[in-house]
Structures are given as structure tokens and as C-alpha cells.
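Biologist: I should like to learn how a ligand and the empty spaces of a protein are read from a model. May we begin with the contacts?

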Amino acid sequence: MSGVSQKILDSMEASSWIRKMFEEGAKRAAEIGAENVFDFSIGNPVFEPPKEVNEALAQLATIDTGGLHRYMPNQGLPETRDYIAGKLNSETGLGLTNNEIIMSVGAGGGLNTVLKALLNPSEEVIVLVPYFVEYDHYISNHGGVHKRVETNEDFSLNFENIAAAINKRTKAIIINSPNNPTGVVYSATELQQLGQLLLKKSAEIGHTITLLSDEPYRRISYVGELPNILNHYKNSIIITSFSKDLALPGERIGYMAVHPEHAEKDLLIQAAVIALRILGFVNAPAIWQRVLPMIGDAMVDLTPYQANKDILVNGLREMGYQVTEPGGAFYLFVKSPIADDAEFIALAQKENLLLVPGRAFGRPGYFRISFCFATEKIEKSLPIFQKLIVSL
Ligand code: PLP
């Protein structure tokens with residue numbers, strides 16, 4: 001018997017496709033040169049953060065008043081949380097204070113914190129297929145069970161399916177707009193309808209269903225400013241990070257924002273704070289909390305993302321691929337020309353084109369392209385996609 005936990009051994013066995021492809025990409029790059037590998041497997045932007053980030057870091061390095069690196073209040077630095085509450089207020093008009101904001105180590109850390117605060121053993125969390133499958137691990141970390149619910153053909157919300165999945169064990173639902181892997185964004189009408197359904201169902205089952213809105217791609221939008229969930233469902237929590245919009249995935253900085261009228265707001269915030277401590281996160285790295293209020297509205301330049309999206313959507317459609325145009329994020333979820341998505345991925349891999357099969361997101365028969373890479377690289381990959389579809 002191994003000394004390693006059986007649960008972890010099982011997770012290793014089912015190891016994330018995304019990571020597997022990412023590792024394959026690094027191996028092939030070492031063998032044949034990075035310029036010859038089209039590793040579109042992972043959402044790890046090649047673009048640098050906006051210049052304001054480095055300027056703020058440089059300025060912080062010269063501060064000699066001390067105390068820069070100390071522990072801070074449990075929820076994070078008050079001035080950082082003021083800044084975030086201010087931003088959310090200008091979007092929602094809801095009058096959040098820094099009390100409703102809790103800093104976290106990325107969205108991944110925030111989701112684990114909130115799930116730990118919410119879940120009793122065997123309680124269910126609805127996830128909307130296709131989805132970021134790390135949610136399964138995050139939910140089971142805290143004794144919960146993920147309940148998969150299919151979206152519509154165009155990946156919009158299917159309210160009948162959601163309603164049918166809700167039962168007495170339902171504790172929460174996770175939504176993700178803009179979505180990984182589909183790039184779909186939910187309209188204000190959809191969010192409003194979802195909020196109404198959750199209110200009705202919460203009354204029926206006799207407890208609150210909390211909505212967790214995972215939003216790391218919120219500002220990577222091709223359709224303008226997106227509706228805010230806080231304006232559509234009071235029992236919601238935003239969980240997000242600056243991994244994508246500031247291109248800082250390695251720095252682990254994000255936050256949770258609890259709706260000021262959440263049914264159990266105060267208790268939930270206290271629970272999240274203790275969960276942060278139990279998980280050993282404390283909250284988020286101090287330097288990055290200090291950087292945020294110093295950089296205003298700065299964010300990554302969306303121009304290359306927009307260009308990459310257009311090149312791929314138009315190029316692949318012309319070749320005969322079935323593509324849903326993303327409204328945000330930097331992924332394309334494309335119908336596999338053959339039914340077996342894993343087989344298609346293996347064929348692409350032979351051409352040094354690394355993609356992720358739809359089954360890695362709970363929806364076989366598709367593949368995901370991550371396009372947070374140089375436009376030249378995207379352009380050079382088109383003949384490979386062409387060769388693949390012609391050969392099939
Ligand atoms: N949620 C979604 C949908 C993601 O795609 C990712 C990362 O790719 C995360 C959460 C986790 O992001 P982070 O923990 O870096 O904020």
C-alpha cells in the first residue's frame with residue numbers, strides 16, 4: 001500500500017488533461033524547439049502585465065517606512081478592499097464596504113475558501129457543463145459532491161435542467177462568465193432568470209442556494225461591459241482574480257465579494273475568514289494587495305486577444321469547423337470533426353499542435369484552443385488545422 005493518500009492517487013490517475021498537455025508541450029519544445037510547437041493547451045498568457053504593475057512594484061521597493069510585508073487583518077488590507085468595493089459600487093450601485101471583500105490567493109484559493117465555509121458532507125454544488133473541472137476537486141476537498149448540469153447547444157443556461165437538478169442537498173451553484181472553455185457570456189436577462197429560479201427553489205427546499213460567480217475573465221470581454229451578478233441575485237458571491245486581466249497567474253492574487261444583502265452575510269464572512277486560516281492561506285500576498293490600488297484601471301491590452309479570436313473564428317469556419325464565437329475569455333471550444341475528441345487531440349499532437357479534448361471539461365466531442373499567445377503563432381497554426389480537417 002502506498003504511503004500517499006488514496007484520494008490523491010485517484011486524482012493523479014484522472015490527472016488533468018490540461019496539465020498533461022502542458023507538460024507534453026514543454027517536453028516537445030525541448031526536443032524540437034519552442035518555435036515548432038503550437039502549445040495551445042493552457043490559459044497561461046504570454047503577454048506581460050500592464051506597465052503600471054512594474055511601476056508600482058518599483059515604487060513599493062523604495063518605501064522605507066517598514067511594515068510592508070507584515071501580516072494584516074484577516075480579510076486583507078483595508079485600503080485594498082476599499083478600492084475593490086469602490087470598483088464594484090461603480091458597477092452595481094450597491095454600496096459595498098470593505099467588510100464584504102475578502103482577499104484570496106487567486107480564484108482557485110477563493111473558491112476553496114468559500115466552499116469550505118459553505119459545505120457539509122454530501123451537500124451538492126451544481127456545475128454547468130462544459131466547465132473548468134478543477135471545480136470537482138475544489139468541491140470534494142470540502143466533502144461536497146459536484147452535480148453536473150448540461151447547458152444548451154449554444155452553451156447558454158438551460159433553466160429546466162438547473163431546476164431539475166436542485167434538491168434538498170443543493171447548497172450552491174457555480175457559474176463562470178466569460179466561460180472557460182466556451183468563451184460564452186451570460187446576458188443580464190439570463191442572470192435575472194437564474195436569480196429568480198434560485199430564489200424560488202431556495203424557498204421550496206427551505207434553505208439558501210448560494211451562487212458562486214467565478215469571474216477571472218470578466219474584463220477579457222469582446223462585447224463590452226458585462227452584467228454584474230450582484231444586481232441579479234442577492235445570495236451571490238463573486239470569486240475572482242487578477243491572473244488573466246493583469247496577466248499575473250503566478251502571483252496568486254484575487255478576492256471574494258459577498259453580496260451586502262446575502263441571507264447570512266455576517267456569518268458567511270466570518271466562516272470564510274476562519275476557512276482561510278484553516279486552509280493556511282491567511283489571505284493573499286501583501287505586496288500584490290498593495291499594488292492593486294496603485295494601478296487604477298490598468299489591464300492587459302485586449303488587441304492581440306481580439307485579433308487572435310477573429311483569425312481563429314474566421315479561419316476555422318472557412319475550413320469547415322463548427323465554432324461558437326466567444327464573447328469573452330481567450331478560449332475557443334470547437335466541435336471535433338470526428339466523434340472521438342481524444343483521437344482528434346492525438347492526431348493534432350502528432351503535428352505538434354497541443355489542444356485539450358472536450359471530455360476534460362465534461363463535454364466530449366469538442367476540443368479547446370487557448371489563444372493567449374502571439375498572433376504570429378496563431379496564424380502559423382492555421383495550416384495544421386487545415387491539414388487535420390482535410391485528412392479526416
Ligand atoms: N476559474 C476558471 C474558470 C479558470 O479558468 C481558472 C484558471 O485558469 C481559475 C478559476 C483559477 O484561476 P486563479 O486561481 O489563477 O485565479
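Modeller: Let us begin with one contact: a polar side-chain atom of Y217 lies 2.6 Å from an oxygen atom of the ligand. A polar contact is a pair of N or O atoms within 3.5 Å. The model is a predicted one, in which local features need pLDDT of at least 70, side-chain atom pairs count only at pLDDT 80 or more, and totals for chains, interfaces and linings use all residues. Residues are numbered from 1 along each chain as its sequence is written, and side-chain values use heavy atoms, with hydrogens and water left out.

Biologist: Which atom of the ligand lies 2.5 Å from a polar side-chain atom of D214?

Modeller: That atom is a nitrogen. For S243, a polar side-chain atom is 2.7 Å from an oxygen atom of the ligand. On its own the ligand has 400 Å² of accessible area (Shrake-Rupley method, 1.4 Å probe), and the protein covers 91% of that area.

Biologist: Which residues come nearest to the ligand?

Modeller: A residue is near a molecule if one of its heavy atoms lies within 4 Å of it. There are 14 residues around the ligand, and D214, Y217, S241, S243 and R252 come nearest. By class, this shell has five nonpolar, six polar and three charged residues.

Biologist: How is empty space found, and where does the ligand sit?

Modeller: Rolling a probe the size of a water molecule over the atoms shows where empty space is left. On a 1 Å grid over the protein atoms alone, a cavity is a set of points where a 1.4 Å probe fits but cannot get out, whereas a pocket is an open set with protein on both sides within 12 Å along at least five of seven lines; lining residues have an atom within 4 Å of a point. The ligand takes the space of the largest pocket, where a molecule counts as sitting if more than half of its atoms lie within 2 Å of the grid points. This pocket holds about 680 Å³. Its lining has 28 residues, with R19, F132, Y138, K244 and R252 closest to the centre.

Biologist: How many cavities of 30 Å³ or more are found?

Modeller: The search of the whole structure finds three. The largest cavity has a volume of about 70 Å³, and its lining includes I175, Y186 and E215. The second largest cavity holds about 50 Å³; among the residues that line it are F132, I175 and Y186.

Definitions and conventions
Points joined across faces, edges and corners; volume = space filled by probe spheres on them. Polar contact = N/O pair within 3.5 Å; in protein donor to acceptor, adjacent residues only side chain to side chain. Nonpolar A, V, L, I, M, F, W, Y, C, P; charged D, E, K, R; others polar.
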